[in-house]
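This briefing sets out the main structural features of one protein for use at the bench. The topics are the overall make-up, the strands and their pairing, and a helix contact.

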Amino acid sequence: MSAAQQTISLIKFKVEVLKGAHAGQTFPFDSAKSAFIGRGPENEICLSNDPRISRQHAEIKQLSGQFYIVNLSHKNFVLVDGEQIDTEMLSQNSTIQIGESELKFTADFPNLSLDLNPGQKPPVANPVSPILKNNAEQRPDYKPAPQQGGPSLPRAHSRSAGGASPSSRPAGMSSRTKFYGILAVVGIIGYFVFSGGKKETKPNRPFRGSPAVASNIQPSIANTKRMDQNLARLNDPTYRRAQENYIKGFREFRQAHYARAKDYFQIVLSLNPNHDLAKRYYQL
């Protein structure tokens with residue numbers, strides 16, 4: 001193991017609260033490999049007065065001379081330098097936003113260039129270590145979500161050192177989009193081919209002249225006169241009395257009381273000699 005690797009094995013770091021209920025507090029760590037952040041008293045960085053922080057919200061881990069922060073909350077978010085993350089590598093003076101608190105991370109990173117040979121590159125740790133994923137992404141109940149009651153923030157992916165975020169990559173047409181576009185074009189062409197390009201035409205209706213209109217009006221006038229006559233008959237007391245006696249006679253007829261039925265039918269015929277039903281039942 002070289003002198004540089006021995007130097008970066010234990011690095012001092014410090015977390016300073018810039019904004020929030022605990023502004024001004026500083027949490028120094030000399031040789032800690034990890035530090036938990038949350039409202040609970042069991043956390044190394046206890047922010048108990050911030051109501052928007054989970055009981056155990058996040059963890060800062062030191063691995064191979066690099067520092068990472070992991071979001072352990074199922075409901076609340078973690079921002080690093082203004083971007084929402086799940087697991088993120090921390091650099092010198094990184095700004096961490098948790099709940100209503102803003103934290104500043106600093107570390108005593110060693111100057112590795114003094115112990116390296118000419119032309120040798122400094123060691124770079126794996127930006128997304130499997131050890132870090134065990135705390136967050138590999139848990140079966142891990143479901144990162146934005147903070148309840150807070151502002152709606154776009155979902156951001158974890159960034160690696162010296163790399164660009166996925167949102168900065170040029171957007172291109174996917175193969176699935178091309179496939180559906182080709183299907184749409186083929187469908188339109190097939191529609192015009194099989195339909196022959198002919199537009200649906202409405203059938204021509206024949207012109208109705210005055211004789212046709214007059215022929216339809218005459219039955220309507222006759223029906224109206226017939227209805228007026230029926231209304232007049234209903235308002236006539238003689239007609240109503242004849243109908244009452246006819247109903248009584250019909251009831252007696254159905255009960256086989258023919259003598260009484262005959263008397264009722266005679267009254268009906270005396271009031272209305274043209275009552276056809278009364279004549280029929282009287283003869284029966």
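Two strands are taken to pair if DSSP finds at least two bridges between them. In strand 2, phenylalanine 27 is the bridge partner of valine 15. The model described here is predicted, and its secondary structure comes to 7 helices and 11 strands.

**Overall make-up**

- The protein has 284 residues, of which 28% are buried.
- About 19,400 Å² of the protein is exposed, and carbon and sulfur atoms supply 53% of that area.
- Of the contacts between residues at least 6 apart in sequence, 48% join residues at least 24 apart.

**The hairpin of strands 1 and 2**

- Strand 1 covers residues 13-19 and pairs with strand 2 in the antiparallel sense, over 4 bridges.
- The two strands, strand 1 and strand 2, form a hairpin with 6 residues between them.
- Glycine 20 lies in the turn of this hairpin and has a positive phi of about 115°.
- In a regular strand, side chains alternate between the two faces of the sheet.
- Strand 2 (residues 26-29) shows such alternation: Phe27 and Phe29 point to one face and are buried, whereas Thr26 and Pro28 point to the other face and are not buried.
- Phe27 thus appears twice in this picture, as a buried residue of strand 2 and as the bridge partner of valine 15.

**The open sheet**

- Strands of a sheet pair through backbone hydrogen bonds, in either the parallel or the antiparallel sense.
- An open sheet of 5 strands has the order 4-3-5-6-9, and its pairing is mixed.
- Strand 4 (45-46) and strand 9 (87-90) are the edge strands, each pairing on one side only.
- Strand 3, made up of residues 34-38, pairs with strand 4 in the parallel sense over 2 bridges.
- Opposite glycine 38 stands cysteine 46, which belongs to strand 4.

**The contact of helices 6 and 7**

- Helix 6 spans residues 258-271 and helix 7 spans residues 276-283; their axes come within 9 Å and cross at roughly 150°.
- This crossing of helix 6 and helix 7 is left-handed.
- From helix 6, the contact is made by Lys262, Phe265, Gln266, Val268 and Leu269.
- From helix 7, Ala278, Lys279, Tyr281 and Tyr282 take part in the contact.
- By class, the residues of the contact between helix 6 and helix 7 comprise 6 nonpolar, 1 polar and 2 charged.

Definitions and conventions
Residues are numbered from 1 along each chain as its sequence is written. This is a predicted model: local features need pLDDT of at least 70, side-chain atom pairs count only at pLDDT 80 or more; totals for chains, interfaces and linings use all residues. Side-chain values use heavy atoms; hydrogens and water are left out. Buried means under 20% relative accessible area, exposed over 50%, partly exposed in between (1.4 Å probe, protein chains only). Contact means heavy atoms within 4.5 Å. Accessible areas come from the Shrake-Rupley method with a 1.4 Å probe; for residues, only the protein chains shown count as cover. Axes are lines fitted to C-alpha atoms, for helices over the stretch in contact, and angles run from 0 to 180 degrees between N-to-C directions. A crossing is left-handed if the near helix is turned anticlockwise from the far one by less than a right angle, and right-handed if clockwise. Ala, Val, Leu, Ile, Met, Phe, Trp, Tyr, Cys and Pro count as nonpolar, Asp, Glu, Lys and Arg as charged, and the others, Gly among them, as polar.
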